[in-house]
Each structure stands twice: as structure tokens, then as C-alpha cells.
Amino acid sequence: MSTILDLHTHSEASEDSRAPVEAYLNWIKLRQAERPVDGIVLTEHRQFNRDADYRRLEDKFGTLVLRASEVETTYGHMLVFGVNDDMVARFDFADVRLDAQTLIDEVARMGGIVVPCHPGRPNIGLYEHYQSRPPLENVVAVEALNGGSRKGEDERSAELIAKHGFAATGGSDSHLVSLIGLCATKFSAYIKTIDDLVRELKTGNYEPVDFRPRRKTVPHAVAMETR
């Protein structure tokens, strides 16, 4: 049984989002035919929302809600999955200059996994840092598809993945309700908990999926002879 998860979302717990989690889940229910995601992972900026409890909403909408974090490092923004008390004690997630290699290695040692997000984005993506600095070690996967990508960003991410052989994920990076589920990750395994997700992310047995609407092709104008 496969599972499709939007691995990168921000709720109103992030300072730049006003999207309530309940509104996200209701939107997914309404758009299930277009964006068939089974669950979302809340990756709030520079924090781990430890005390949030979404079980009532999960039961109401039948959609899985997991929690992770998006942090800022010396090599750009990265998603941290499997956050636990040891990681929160070891790192100040509010620090915008976390050492990337230390974060990757220590989170792995503590049972989690770090996935660089929107790597093709200028200034805060891995691609740009790799142009002038040595590559990081022990990177398993990066985010290949990001719902907020601008022209050229996903292409640079694809180039990075091809060069380094990373596994690839997808996430909407939603800050608005209507953007939830535009990009996601399809796992071949059934995922129900954050431990399941971390285990599967380490295997590389998944693929990004793109539910963004395609732009309609505008036919070229045909010159008409006038008399």
C-alpha cells in the first residue's frame, strides 16, 4: 500500500503563514481528486511545534498530520524529520547559521534525517552553495519539486540530483490554504507515524509527484490575408 505525503508545509504556527491546519485538511478533502495526498508534514520555520496535537483533526478528515521542522543552515534551508528531545536540546532551531554538516550528522545519529529543501532557489538553496564550497557528506535526499518554485529552480534541483545521485522528494512549501498538496512525495510503503516516515526517507524508495495544474498551450496566431 503506497502513501502520498506533502512533506513541506507551514501553518499559522510559522510567522509568515496564516493557514490553519483544519483549513488545509478541509481543502485536501475538497480537492482529493486533483491532489490525492494521504497526509501532510508541518515543517514550521525555525522551531519544532512539540505540543501541537492534531489527532482530532486527523480523525475528522481522515488525513495524516505529522510534524517536522525547517531550519536555516550554512548551506541553506533544510527540513528535519524525526525531531526528538535530544535534537531540540542539541540545536537552537532559531539559529539561522546552523552548521549544515554537523546538523546532518548529528540528526542522523539521533535517529532522524535532514533533507535540504528548494535546493535550486537562489541564496537559500544547496545548488548555489555547491558552486563555491565543497559538497556536504551523508546527504540522502533533497527536495526535487517545490510548489513555490520559480522558473529554473526545479531545473537546478534536478541538475543537482543527477550529479550527486540524491533521492528526490516533493513538497508544496504551502503558506496558503489553496497551495497545499501541489507537490508531494509518493512512498511505496504504508506510512502512519513519523518513525515510519524517517525509516522510508532513509531507504530512498520514493519519488516526487507533481499535482500543479498545467498551463494551457496558447495556439500561435495565424496571419490572415486581408483584402
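Which residue in β5 is the bridge partner of L79? The partner is V115, in a model that is predicted. The chain holds seven helices and nine strands, and this briefing describes its overall dimensions, its open sheet and helix α6.

**Overall dimensions and burial**

- The radius of gyration of the chain is 18 Å, which agrees with the value near 17 Å that a compact globule of 227 residues would have.
- Along the principal axes, the C-alpha trace extends over about 80 × 50 × 35 Å.
- Of the 227 residues in the chain, 52% are buried.
- Among contacts with a separation of 6 or more, 74% are accounted for by residues 24 or more positions apart.

**The open sheet**

- Seven strands make up an open sheet, and their order is β5-β4-β3-β2-β1-β8-β9.
- The pairing within this sheet is mixed.
- Strands β5 (113-116) and β9 (206-210) lie at the edges, where each of them pairs on one side only.
- From one strand to the next, the twist averages 30 degrees.
- Strand β4, residues 76-81, pairs with β5 over four bridges in the antiparallel sense, and the bridge between L79 and V115 joins a residue pair in these strands.
- Helix α4, residues 100-109, packs on the sheet and touches β3 (64-73), β4 and β5.
- The direction of α4 makes about 10 degrees with that of β4.

**Helix α6: extent and termination**

- Helix α6 covers residues 153-164, a total of twelve residues.
- From the first C-alpha to the last, α6 reaches 17 Å, close to the 16 Å expected at 1.5 Å a residue.
- After α6 comes G165, whose phi is positive, near 75 degrees.

**Helix α6: buried and exposed faces**

- The buried residues in α6 are E153, D154, S157, L160 and I161.
- Viewed down the axis of α6, these buried residues fall within an arc of 115 degrees, so they line one face of the helix.
- An α-helix has 3.6 residues a turn, and therefore residues three or four places apart point the same way.
- The exposed residues E155, A162 and K163 are carried on the face of α6 turned away from its buried side.
- The cover over the buried residues of α6 includes α5 (126-130), β6 (141-146) and β7 (167-171).

Conventions: Residues numbered from 1 in each chain as written. Predicted model: local features only at pLDDT ≥ 70, side-chain atom pairs only at ≥ 80, totals over all residues. Heavy atoms only, no water. Pairing = 2+ DSSP bridges. Helix = DSSP H or I, 4+ residues; strand = E, 2+ residues; numbered from the N terminus. Axes fitted to C-alpha atoms, helices over the stretch in contact; angles between N-to-C directions. Contact = heavy atoms within 4.5 Å. Expected span 1.5 Å × (residues − 1). Buried < 20%, exposed > 50% of the residue type's maximum accessible area, 1.4 Å probe, protein only. Arc of directions from axis to C-beta. Rg over C-alpha atoms; globule rule 2.2 N^0.38 Å.
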